[in-house]
Amino acid sequence: MKIQLSNKPVLEWGGDSLAIGLFEDAVELTDQLAQLDDQLGGVLKELIAEEEFKAKAHSTIFTRVSANSPIRKVILVGLGKPEALNLETLRLAAAAVARVAKKQKSKSLGLSLPLWNNQPAATAQAMAEGLQLALYKDIRFKSEPEDKEIKLATVDLLGLSGQEAAITLANQIVSGVILARELVAAPANEVTPITLAETAQAIATEHGLEVQILEREDCEKLGMGAFLGVAKASDLPPKFIHLTYKPKGTAKRKLAIIGKGLTFDSGGLNIKGAGSGIETMKIDMGGAGATLGAAKAIAQIKPDVEVHFISAATENMISGHAMHPGDILTASNGKTIEVNNTDAEGRLTLADALVYADKLKVDGVVDLATLTGACVVALGEDIAGLYSPDDALAAQLQQAAETAGEKLWRMPMEEKYFEGLKSEIADMKNTGPRSGGSITAALFLKQFVKETPWAHLDIAGPVWTDKEKGYNSSGATGYGVRTLVNWVLAS
């Protein structure tokens with residue numbers, strides 16, 4: 001699909017489908033739309049009346065128009081209340097229109113939506129993101145992988161000529177989101193620690209990034225006992241991935257992004273039981289998927305910020321080599337951990353990754369992880385949890401997420417809850433009481449960062465959806481990529 005920019009008014013546009021945005025409770029047709037309705041023989045007023053269209057946010061109606069018209073169909077999309085218009089409204093409206101146009105077998109689409117905050121670049125970018133993300137379809141594992149449906153070939157964004165840079169930026173970001181979706185959606189026999197490392201190497205080769213893959217022996221030399229404890233049971237070797245983007249000039253900041261990279265989580269000897277969702281545990285590398293997706297986008301955008309992308313990738317499996325409940329592991333900062341649950345393995349891999357990132361002397365580090373079911377219980381499936389002792393970093397991420405339309409909520413880090421992690425025989429246990437489980441998980445991770453501003457995103461809920469939502473089809477969402485990119489670009 002090619003997204004084009006045009007200043008052609010709706011009265012002059014011709015093609016398969018013309019889509020127009022309308023605000024809630026203000027669906028009377030005026031100015032150009034009234035003229036268009038006259039030109040189309042009153043079909044718009046008739047459609048609005050028949051469908052009792054109220055223009056609720058991203059609701060849609062459509063109709064065919066007369067055969068002698070330069071357009072074949074008209075789509076009306078709701079924008080909600082005018083005062084509530086934001087970039088996510090535009091993103092979702094564009095997505096809704098794209099899906100209708102595709103179902104109506106349109107090859108060409110003209111889309112007219114209002115400017116957000118008098119910012120044509122941001123408006124064009126949001127619309128381009130919504131269009132592309134909504135139309136993405138993962139059919140890689142079908143026996144006939146070619147999509148034979150009629151495709152939407154061109155989209156004209158009306159009234160937005162001159163915003164080519166915004167479309168380029170949207171394309172770059174979307175390419176990262178799609179990579180994350182494909183990594184998370186692929187089964188565990190396709191995406192392994194080995195293939196994650198190969199993906200990082202491919203990004204480095206294509207875009208000129210630095211890449212270092214630490215093997216088991218390298219991790220042993222660095223004392224990564226927590227990460228390697230998880231990796232012991234798998235027949236596949238662990239891979240510690242470190243991908244680095246450096247700008248050509250002087251970097252104004254240095255940042256690190258860490259993604260949990262469990263390509264499959266059986267639960268270990270505390271095996272996941274019936275109803276646990278073990279069959280979905282290919283998604284337990286959603287943090288690593290978002291990290292590599294962000295790396296692909298950042299490598300193309302080329303900001304003046306140095307960014308380190310890190311993932312301690314492994315499987316959590318069961319074998320005669322598996323770590324036992326009750327084992328004590330020593331992380332690379334010397335902290336000792338009593339493993340009271342082998343199914344709380346992600347935080348063990350992140351512990352050594354955080355120590356590693358802390359030594360890079362960066363200005364901020366963010367980790368993303370499908371870490372706890374407790375966060376899903378607290379915030380549901382659409383909202384990620386944000387945990388940070390640093391108010392400034394937390395505020396940066398909240399702003400980045402709001403711009404991206406990716407929901408997150410800052411959660412408390414109640415220090416007294418760490419009492420539940422204390423061990424009689426080690427520095428800490430890897431899990432605490434059931435209550436406040438996502439908070440104690442964040443407090444555990446905090447033990448492996450010294451002074452670097454740090455934030456943890458628990459993305460267990462929004463990394464996957466079982467049904468079509470907004471611009472996400474059912475399956476992997478690519479959650480986190482756009483927030484991370486916005487964070488880096490605003491740094």
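Is Cys375 buried or exposed? In this predicted model, Cys375 is buried, with a relative accessible area of 1%. Cys219 is likewise counted as buried, at 1% relative accessibility. As for disulfides, the structure holds zero. For orientation, a disulfide is a covalent bond that joins the sulfur atoms of two cysteines.

Attention can now turn to the annotated site. An unreviewed UniProt entry lists Asp265, Asp343 and Glu345 under "binding site". These residues span 81 residues in sequence, yet no two of their C-alpha atoms are more than 8.4 Å apart, so they gather at one spot.

Asp343 sits in the loop that runs between strand E13 (336-338) and helix H10 (346-358). With a relative accessibility of 24%, Asp343 counts as partly exposed, since buried would require a value under 20%. Setting aside residues up to four places away in sequence, Asp343 touches Asp265, Gly267, Asn270, Lys272 and Asn316. One of these partners, Asp265, is itself listed by the UniProt entry for the binding site.

Glu345 also lies in the loop between E13 and H10, but its relative accessibility is 1%, and Glu345 therefore counts as buried. Apart from neighbours within four places in sequence, the contacts of Glu345 are Val230, Lys260, Leu262, Asp265, Asp284, Asn316 and Met323. Asp265 and Asn316 thus appear among the contacts of Asp343 and also among those of Glu345. Taken together, the loop between E13 and H10 holds a partly exposed Asp343 and a buried Glu345, and each of these residues touches Asp265.

Methods:
Residues are numbered from 1 along each chain as its sequence is written. This is a predicted model: local features need pLDDT of at least 70, side-chain atom pairs count only at pLDDT 80 or more; totals for chains, interfaces and linings use all residues. Side-chain values use heavy atoms; hydrogens and water are left out. UniProt positions are given in the numbering used here, feature names are shortened, and annotations may be inferred rather than shown by experiment. Helices (H or I, at least four residues) and strands (E, at least two) are DSSP runs, numbered from the N terminus. Buried means under 20% relative accessible area, exposed over 50%, partly exposed in between (1.4 Å probe, protein chains only). Contact means heavy atoms within 4.5 Å. A disulfide is a pair of cysteine sulfur atoms within 2.5 Å.
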